[in-house]
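Let's take a stroll through some charged side chains and see who pairs up with whom. Have a look at the structure first.

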Amino acid sequence: MKRSERDKPVGEISGSLKMNAALATTTATTPVLRRETPLLRHCCLSKSPVYRRNIVGFGSGVQIATRKSLRISASSQSTSAEVVVTEDTSIPKEMKAWVYGDYGGVDVLKLESNIAVPEIKEDQVLIKVVAAALNPVDAKRRQGKFKATDSPLPTVPGYDVAGVVVKVGSAVKDFKEGDEVYANVSEKALEGPKQFGSLAEYTAVEEKLLALKPKNIDFAQAAGLPLAIETADEGLVRTEFSAGKSILVLNGAGGVGSLLAKQVYGASKVAATASTGKLELVRSLGADLAIDYTKENIEDLPEKFDVVFDAIGMCDKAVKVIKEGGKVVALTGAVTPPGFRFVVTSNGAVLKKLNPYIESGKVKPVVDPKGPFPFSHVADAFSYLETNHATGKVVVYPIP
């Protein structure tokens, strides 16, 4: 007669599983096994009800499935105990992730397959990453330009993420398993950013940094938005931008500023610089005036602007084209007064505020046409990002 799994010895269930263990201590939720005598006598697997959800739109889908209970009986001459340890087998203990252990060029990046899946805190969710995006800050951080305030090495890079919630902390209220979400995973980009970012199969993110993914865009598009639109929104707030004001965006093909200034904040005029081949793109992003920087000097423009977003490092020229009392946001390069710089704060509330504009098509994600880059080619994605010729966002997708 064929034996059931319950009747089989341990060795036949788990290959060469050999354990000497006993129940020594327990926490409030899960017993802790320590390697002590007595010998485990019986071990069997029993399945609890399965929750499974297929996520349409990438690969073959994400499955949140099959919790198994490991039923353990331990006995000796003086003790006998039985306990059920719940194990979520849909979430592995190790994952693939891109890691660097030293600062430097693209060559310090290594794809590792044995990185521990992050443990979540009570205010966090665990995300199965579907797509991630690169930003200039990722490259500068890897190069060690912010090492004084960086988190400890080794680092799993990546700020932008889009994926599916597979586990929630005990204090999380607004998200559940199966939710499709997006976020900038580090609350502060430069001040102690997350040691384990989004260029991995899983990442842990605080609830306050998250928002539901807009319904009308895919994961690759969503991954390219968080840091860019949070930066644009915070810059506009800090400059006290309001309806009727004008703005000039230097390097408008990157999408920062013109994404929001007109459609969300009611700018009277949006001007943006770009190379000859990208002029139509900046117009599609909301620019009323597309300026070819290969042929025109912004200092020669006949008009002045209330605000300039400098995303290319030309603050010394930008301050010459603002109106009296105007403001310049210097996102990169040296700062010339009255220009100023800020470090963006990740905030899920901002993403939630902007979701209706994204879902209505007023704010559009732009994924660089050379991408998305597959997960195995992250080093190539960084190399391309660092040419400074990207159009829109450099996205990594799919992430297995």
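What follows is a short tour of one glutamate and a few salt bridges in this predicted model.

Start with Glu-207, which sits in the loop between strand 10 (202-206) and strand 11 (210-212). What is the nearest side chain of opposite charge to Glu-207? That's Lys-352, 6.4 Å away. A salt bridge needs the charged atoms to be within 4 Å, and Glu-207 has no salt bridge even though this residue is buried.

So what does the side chain of Glu-207 reach instead? One partner is the backbone nitrogen of Lys-173, at 3.0 Å, and another is the backbone nitrogen of Asp-174, at 2.6 Å. Further along the chain from its own neighbours, Glu-207 also touches other residues, including Asp-123, Gln-124 and Phe-175.

Now for some pairs that do form salt bridges. A search of the whole structure turns up 15 of them, and here are three:

| Acidic residue | Basic residue | Closest N to O |
|---|---|---|
| Asp-179 | Lys-176 | 2.9 Å |
| Glu-187 | Lys-208 | 3.3 Å |
| Glu-206 | Lys-194 | 2.5 Å |

How do the partners sit? Asp-179 is buried, with a relative accessible area of 9%, whereas Lys-176 is exposed at 52%. Glu-206 and Lys-194 are both buried.

The Glu-206 and Lys-194 pair links distant parts of the chain, 12 residues apart: Glu-206 lies in strand 10, and Lys-194 lies in the loop between strand 9 and strand 10. As for Glu-187, this residue is partly exposed, with a relative accessible area of 35%.

Methods. Residues numbered from 1 in each chain as written. Predicted model: local features only at pLDDT ≥ 70, side-chain atom pairs only at ≥ 80, totals over all residues. Heavy atoms only, no water. Helix = DSSP H or I, 4+ residues; strand = E, 2+ residues; numbered from the N terminus. Buried < 20%, exposed > 50% of the residue type's maximum accessible area, 1.4 Å probe, protein only. Lys, Arg positive; Asp, Glu negative; His and termini not counted. Polar contact = N/O pair within 3.5 Å; in protein donor to acceptor, adjacent residues only side chain to side chain. Contact = heavy atoms within 4.5 Å. Lists of a residue's contacts leave out its neighbours within four places in sequence.
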